[in-house]
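Open the model in your viewer and switch to a cartoon view. The tour goes element by element, with a selection at each stop.

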Amino acid sequence: MSDKKSVLITGVLGGIGSQLARTFNENNYRVVGLDLIDEPSPYCEKFIKFDLNRYCADADYKQEMEAVLNKEVPELFVLINNAAVQMLGSLSEVTIQDWNQTLNVNVTGPLMLSQLFLDRLELSQGSIINIASIHHQLTKRRFIAYATSKSALVGLTKALSVDLQGRVRVNSISPAAIDTQMLREGFNNDESKVKMLNELHPSQRIGKPQEVSQLALLLAEDKLGFINGANLNIDGGISNVLKDLD
């Protein structure tokens, strides 16, 4: 067995996921990364190609992947449920397929992985960290599925913290706009719109992936062990502002 504590991160190749992997790797964690795309991260000691939606919907795939995870992750100190999908659509546009996939990846997957790793997390006196979103509280048009899923993830965080009392801590982080390639692509890489977004925040800038990962590292460590069942906003003060780019 390794002397390093182990962390498992879903969605490890995304903007926030890759920074989570880097931060935990640099702090002497064994990083196990899961992602839908098969492009191993340089910060992962072990990378596993993993379809979270299929894991929730396909019993045979679930059994197959649990055998892999049980072999590759014999012990675990932190589970970070970071993977997410964001499918936009107004009420008349949302399909049941998009709705189910969003809930599978953003809520049901975290539940099922928490079930799978519960005994290992309890043995290590570890914790679960769910990466939620400002959309759990404040949202925009066409974010029906995504906002609902993130509200549910925060609710799951609070319920699990009570259900697992004395066994495993559970917290969530709700970032607002974080400077990732995905965010910039959402604005068609229009720097003028990114500048406007910066200026909307009382901090006068959007967040950095490393700020989310540093907060996750703090939540994972025993020094802040009394934080349990919390949802921590990391939003530059935008949740106090009554205006948007729309």
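In what order do the 7 strands of the open sheet lie? The order is 3-2-1-4-5-6-7, and the pairing is parallel. Keep in mind that this is a predicted model.

**Stop 1: the sheet edges**

Select strand 3 and strand 7 (231-234). These are the edge strands, and each pairs on one side only. Now look across the sheet. Neighbouring strands are turned by 15° against each other on average, direction ignored.

**Stop 2: strand 2**

Select residues 29-35. This is strand 2, and 7 of its 7 residues are buried. Show the side chains. Tyr29, Val31, Gly33 and Asp35 point one way, while Arg30, Val32 and Leu34 point the other way. Both sets are buried.

Next, add residues 46-49, which make up strand 3. Strand 3 pairs with strand 2 in the parallel sense, over 4 bridges. Two residue pairs are worth labelling. Gly33 has Phe47 as its bridge partner in strand 3. Leu34 has Ile48 as its partner in that strand.

**Stop 3: strand 1**

Select residues 5-10. Is strand 1 enclosed or open to the outside? It is largely enclosed by the rest of the structure, because 5 of its 6 residues are buried.

Look first towards strand 2. The two strands run parallel, and 6 bridges join them. Val7 stands opposite Val31 in strand 2. Thr10 has Leu34 as its bridge partner there. Leu34 is thus a residue to keep labelled: its partner in strand 3 is Ile48.

How does the chain get from strand 1 to strand 2? Trace it through helix 1 (residues 15-26). This β-α-β crossover is right-handed.

Then look towards strand 4. Strand 1 pairs with strand 4 in the parallel sense over 3 bridges. Label Ile9, which stands opposite Ile80 in strand 4.

**Stop 4: the helices on the sheet**

Go back to the sheet order, 3-2-1-4-5-6-7. The edge strands, 3 and 7, each pair on one side only. Now select helix 1. Helix 1 packs on the sheet and touches strand 1, strand 2, strand 4 (78-81) and strand 6 (169-175). The direction of helix 1 makes about 165° with that of strand 2.

Select residues 209-220 next. This is helix 8, which also packs on the sheet. Its contacts are with strand 2, strand 4, strand 5 (127-131), strand 6 and strand 7. The direction of helix 8 makes about 165° with that of strand 6.

**Stop 5: Thr23**

Zoom in on Thr23, in helix 1. Is Thr23 buried or exposed? Its relative accessible area is 2%, so Thr23 is buried, the cut-off being under 20%.

Which residues does Thr23 contact, leaving aside its neighbours within four places in sequence? They are Ser213, Gln214 and Leu217. Draw a C-alpha to C-alpha distance from Thr23 to Gln214. The two lie 7.0 Å apart in space and 191 residues apart in sequence.

**Stop 6: the cavity**

Finish with a surface view cut open. How many cavities of 30 Å³ or more does the structure hold? There is 1. The largest cavity has about 40 Å³ of space.

Select its lining: Met87, Leu88, Gly89, Val94, Asp98, Trp99, Thr102 and Ala145. Then colour helix 4 (residues 96-124). Helix 4 supplies the largest share of that lining, with 3 residues.

Notes: Residues are numbered from 1 along each chain as its sequence is written. This is a predicted model: local features need pLDDT of at least 70, side-chain atom pairs count only at pLDDT 80 or more; totals for chains, interfaces and linings use all residues. Side-chain values use heavy atoms; hydrogens and water are left out. Buried means under 20% relative accessible area, exposed over 50%, partly exposed in between (1.4 Å probe, protein chains only). Two strands pair if DSSP finds at least two bridges between them. A crossover is right-handed if, with the strands pointing away from the viewer, the path from the first strand over the helix to the second runs clockwise. Axes are lines fitted to C-alpha atoms, for helices over the stretch in contact, and angles run from 0 to 180 degrees between N-to-C directions. Contact means heavy atoms within 4.5 Å. On a 1 Å grid over the protein atoms alone, a cavity is a set of points where a 1.4 Å probe fits but cannot get out, and a pocket is an open set with protein on both sides within 12 Å along at least five of seven lines; lining residues have an atom within 4 Å of a point. Grid points are joined across faces, edges and corners, and a volume is the space filled by probe spheres set on the points.
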